[in-house]
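Subject: Structure handover

Hello,

Here is the structure for you to look at. My notes come after it.

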Amino acid sequence: MGTCVPLRSRALPKASSKVPAAASRGVEERFRATFERAAIGIAHVSMEGVLLRVNAKLCELLGRREKSLVGRAAREFSHPDDRDAIDAHIPKLLNGEIETLSLEKRYLHRAGRPVWVRLSLALVRRKSGKPDYLIAMFEEISAKRAAEQARDVSRSLLEAALDSTAEGVLVTGLDGRITAWNARFLELFGVSGEALAGRTVGEAFDALGPKLADAQAVLVRLDQRYADPTREVRDEIALADGRVLERHSVPQRSGSEVIGRVCTFQDITGRKRAERDLIDAKQRLQLAMEASGVSIWDTDLRTGRVYLSEGWAKLLGEPPGETQTTREALMALAHPDDLPAVVAASVAVMKGEAEHYSEEHRVRTRSGEWRWVRSGGRVIERDRDGRALRMAGTNVDITERKRAEEALRLSEDRLQYAVRGSGAGIWDWNAVEDRYYMSPRLKQMMGYEDAELPDRRDEFLSRIHREDRPRVDEALRSHFSERKPYEIEYRLQRRDGSYVWIRSVGQAVWDAGGRVLRFAGSTVDIDAQKSAEAKLAHLAHHDMLTGLPNRNLLLDRLPQLLSRASRNRSSVGIMLIDLDRFKLVNDTLGHTVGDQLLVEVAKRLQECTRGGDTVARLGGDEFAVLLPDMPDAQKARTVAQKVLDRLGMPMRLDGHEVFVNASIGITVFPDDSEDQDTLIRNADVAMYSAKEQGRANYLFFNAEMNRRTAQFLELESRLRQAQARNEFVLHYQPRIGIGSGRITGAEALLRWRPPGSEQLVGPLEFVPLLEETGMIVAVGEWVLGSAFEQVRRWQAQGLGAVPVTVNVSPRQFQRRELVPALRRLLAETGIAPKLIELEITETLVMMDTDYSVAAMQDINELGVPLAIDDFGTGYSSLAYLKRFAIDRLKIDRSFIRDLASDADDAAIITAVVAMAHKLGFGVVAEGVETREQIDFLRACGCDEYQGNLFSPAVPVERFEALLAAPLAPLARVV
């Protein structure tokens with residue numbers, strides 16, 4: 001479950017007082033039996049999301065005992081990716097928009113595997129209508145999910161098989177909706193899968209139709225095919241590009257039921273081409289004549305009879321075959337306006353005044369349509385006196401050409417209208433006559449009406465931005481002389497003096513000698529596009545949250561500032577600023593307040609700098625300031641102090657008063673270095689040095705810092721080899737019962753023996769570095785394993801069951817591998833879980849309280865005790881202690897040290913002991929050095945202590961001697 005809306009929790013409702021007690025008990029028993037024996041998981045959940053009651057099935061689903069579930073938030077057991085799945089729906093339950101909520105999500109079994117359930121939530125209200133608690137039902141659907149996954153795998157295998165076939169495949173349902181296809185189908189038709197997905201074949205025709213030679217015919221056949229779902233169909237489909245596909249469509253069955261159709265498509269273009277090659281020459285000639293619209297006529301001038309070819313008959317709409325008619329009947333078909341010219345031309349040929357004639361005229365078909373023909377002929381037979389006896393010729397149908405000529409004329413008219421109404425500006429330069437034309441739209445881009453700006457080339461060129469003019473001139477030269485494409489973006493001056501960005505594309509026409517005759521093109525307003533590009537460029541170089549320059553822009557500016565400083569013999573200050581305690585604010589008050597804090601810090605940094613300075617956000621809570629043109633380092637010192645003072649003032653954010661400060665590292669060019677990367681690195685070193693010296697201050701870089709950095713790097717290198725060389729050892733400090741004076745356990749403490757040295761290095765010298773580099777995780781695992789093994793050896797040696805406390809680092813605690821590692825070590829060594837105690841700091845558990853509570857609960861379920869170290873030095877609320885599954889508090893040595901002289905410390909210790917005992921925790925005092933301290937601790941009820949008064953941390957051999965000493969026998973663990 002997700003997070004419920006917080007409401008006051010109350011106990012589950014009791015049986016009504018109006019129902020007899022026996023009946024009430026019966027109802028309650030039946031309810032309990034139903035609740036416990038239900039086949040699905042059931043829980044009662046408080047309005048805060050806490051599990052109030054769970055049944056056995058839910059415990060089984062999650063692999064947990066009832067006591068480990070009741071009292072804990074339900075979201076703790078959700079899969080991390082699903083924890084927020086229902087948050088948005090809870091308000092709808094509360095306000096009555098829905099009565100129940102049902103969805104699928106994952107929970108985590110105790111073994112770590114995800115468990116898929118269908119979660120159903122119902123809200124129980126009090127008689128007043130106020131929400132009381134939630135009933136949650138958990139139905140496991142892991143098997144269903146696994147089946148769905150298997151089905152997906154099967155489907156992917158089928159798709160791979162389909163894609164490997166040489167034929168195109170298309171699968172449809174009975175309603176014609178496309179359900180599947182393969183890659184070969186997409187390739188054959190040249191379409192994308194997006195054009196098919198979720199559509200019927202008819203709907204997909206927007207993409208498929210243009211690919212077909214006759215889309216309408218294909219649609220008709222589709223209707224016929226779906227009219228009889230059981231019919232098998234094999235036909236051919238001609239594509240617009242000349243290819244021919246053979247389609248084979250068969251019903252798709254599920255058992256005896258037809259559920260759709262499967263169509264395969266094979267390219268048979270080559271086969272069809274071979275078939276066409278078999279057509280005889282006569283057929284090809286006939287087809288060619290018909291395709292070209294050419295027909296033949298033959299006139300016997302003695303009888304007046306005319307013989308027409310099949311093409312001519314087809315043109316006139318006559319029955320197919322050779323047609324016989326009379327010359328007079330043929331003349332009667334000619335358009336009256338065209339007939340005189342045709343007669344005159346043919347008479348001239350018959351008289352011998354012309355060898356042949358060719359005229360264009362209209363003829364009327366049987367349907368009454370007028371078609372244009374070009375008729376030509378010559379005399380092919382004369383008598384002895386030269387009189388024409390026979391004429392023959394051809395007729396060509398030119399109707400489509402005539403229509404095209406008319407369409408061209410209309411298109412030229414439309415082009416003129418299009419130019420006037422187009423969003424693009426048109427320009428045309430006649431280079432021979434030096435005439436220039438600008439369309440009204442082009443003039444409008446520059447803020448002029450058509451008549452207000454003369455059509456002159458120099459007028460246009462003069463309005464190009466002076467910074468862009470060289471690029472335009474070069475583009476024109478390249479196009480005119482080298483014939484490179486002309487496409488360029490530049491700015492044109494408007495009438496009001498402002499500039500508009502335009503994209504200009506043009507094409508020149510050259511004569512045979514390479515001289516430019518004409519140059520024309522179009523211009524498009526791209527001002528909005530350029531504005532958007534400028535915004536994107538700004539985002540690429542500025543931080544989205546604060547609006548400050550980002551790291552990229554800072555690194556771009558820095559070389560320019562350093563170069564200018566070198567010329568002017570001035571200095572440049574570089575400040576790196578890292579906020580102190582920002583993570584605490586972010587984790588405690590939330591990311592929204594954290595973002596507001598960063599914005600306010602950016603504002604205050606800008607208030608502390610000059611206009612020529614650069615304030616940048618480098619990422620996270622790290623900022624930088626560039627201070628150019630400094631006469632000396634004092635300027636950087638002044639700015640740094642202003643920043644600390646300004647950031648130290650409280651900030652009011654989202655109803656919270658927030659305090660934050662910063663650590664600042666400063667380096668100066670050219671004093672510290674003249675290299676950009678070195679300067680930034682020096683500032684970073686100085687910043688970390690400032691943090692080490694207490695934070696909330698600034699430091700200038702110096703050579704000593706470099707030396708410490710080099711030592712740090714050397715120490716890091718040596719530590720990385722220490723574990724592999726077995727240089728780490730464990731010492732053990734006894735824990736003593738104040739009442740008995742006996743050894744009750746030991747704390748394992750890490751020491752380092754570098755090679756060639758007899759002296760051990762204490763943890764304060766190297767553990768912080770292990771933490772910072774992350775090596776503490778591997779070393780911590782070694783310490784934990786060594787402690788387990790040592791306890792096992794002591795038991796084998798007969799020294800008794802000695803509990804050992806192991807410190808767990810923050811990095812180690814935050815990793816999810818800690819609990820599995822404990823479980824493994826317990827199984828391998830066979831020791832009792834209570835003999836290993838984990839010790840964590842108060843600050844660590846407050847880093848992420850939700851995770852800490854869950855992790856500590858898991859550790860507690862293993863039976864491993866937990867202790868809070870350095871208690872009282874952190875910033876946690878004592879109220880959190882009730883949530884932590886801990887066994888012991890350890891009072892920090894700083895309170896013990898001044899016990900005799902500081903009444904406040906004495907009061908604090910007394911209060912902590914009383915509070916811990918009230919909560920059921922044991923108390924251990926650390927750093928006990930004197931008998932007076934022991935007497936005080938005994939008086940206030942402290943349970944145990946550690947310190948040099950009894951023994952410091954010692955090697956394992958000396959600790960074993962202490963165990964064997966009769967004065968301090970080991971307290972047996974029961």
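Below is what turned up, starting with cavities and ending at the surface.

Please keep in mind that this is a predicted model.

Cavities

The whole structure holds 6 cavities of 30 Å³ or more. The largest has a volume of about 270 Å³. Its lining is made up of 17 residues, and Leu330, Met331, Val342, Tyr357 and Ser375 are the closest to the centre. Several elements give two or more residues to this lining: strand S11 (294–300), helix H12 (327–332), helix H13 (339–350), strand S14 (356–364) and strand S16 (388–397). By class, the lining of the largest cavity counts 11 nonpolar residues, 5 polar and 1 charged.

Salt bridges

The search of the whole structure gave 64 salt bridges. Three pairs and one network follow.

Lys57 pairs with Glu60, with 3.7 Å between the closest N and O atoms. Both sit in helix H2 (residues 56–62); they are 3 residues apart, so about one helical turn separates them. Lys57 is partly exposed at 22% relative accessible area. Glu60 is exposed, at 54%.

Asp450 bridges to Lys443, and here the closest N and O atoms are 2.9 Å apart. Which partner is buried and which is partly exposed? Lys443 is the buried one, at 2% relative accessibility. Asp450 is partly exposed, with 39%.

Glu467 and Arg491 also meet through their side chains, at 3.3 Å from N to O. Glu467 is in the loop between helix H16 (457–461) and helix H17 (469–482), while Arg491 belongs to strand S19 (residues 486–493), so this salt bridge ties together parts 24 residues apart in sequence. Arg491 counts as buried because its relative accessibility is 18%, and the cut-off for buried is under 20%.

The network is built from salt bridges that share partners. Its members are Arg64, Arg72, Glu76, Arg110, Asp858 and Glu861.

A buried strand residue

Ile577 is in strand S22 (residues 571–580). Its relative accessible area is 0%, so Ile577 is buried. Glu622 is 45 residues from Ile577 in sequence. In space, the two C-alpha atoms are 5.7 Å apart.

A nonpolar surface patch

Leu536, Leu539 and Met544 make up a nonpolar patch on the surface. Together they have about 360 Å² of accessible area. Leu539 is part of helix H18 (residues 527–541). With 44% relative accessibility, Leu539 counts as partly exposed.

Best wishes

Conventions: Residues numbered from 1 in each chain as written. Predicted model: local features only at pLDDT ≥ 70, side-chain atom pairs only at ≥ 80, totals over all residues. Heavy atoms only, no water. Patch = residues over 30% accessible without salt bridge, like charges linked within 9 Å, V, L, I, M, F, W, Y side chains within 5 Å. Areas by Shrake-Rupley, 256 points an atom, 1.4 Å probe, with all protein chains shown as cover. Salt bridge = Lys/Arg side-chain N within 4 Å of Asp/Glu carboxyl O. Helix = DSSP H or I, 4+ residues; strand = E, 2+ residues; numbered from the N terminus. Buried < 20%, exposed > 50% of the residue type's maximum accessible area, 1.4 Å probe, protein only. 1 Å grid on protein atoms, 1.4 Å probe; cavity = no way out; pocket = protein on both sides within 12 Å on 5 of 7 lines; lining within 4 Å. Points joined across faces, edges and corners; volume = space filled by probe spheres on them. Nonpolar A, V, L, I, M, F, W, Y, C, P; charged D, E, K, R; others polar.
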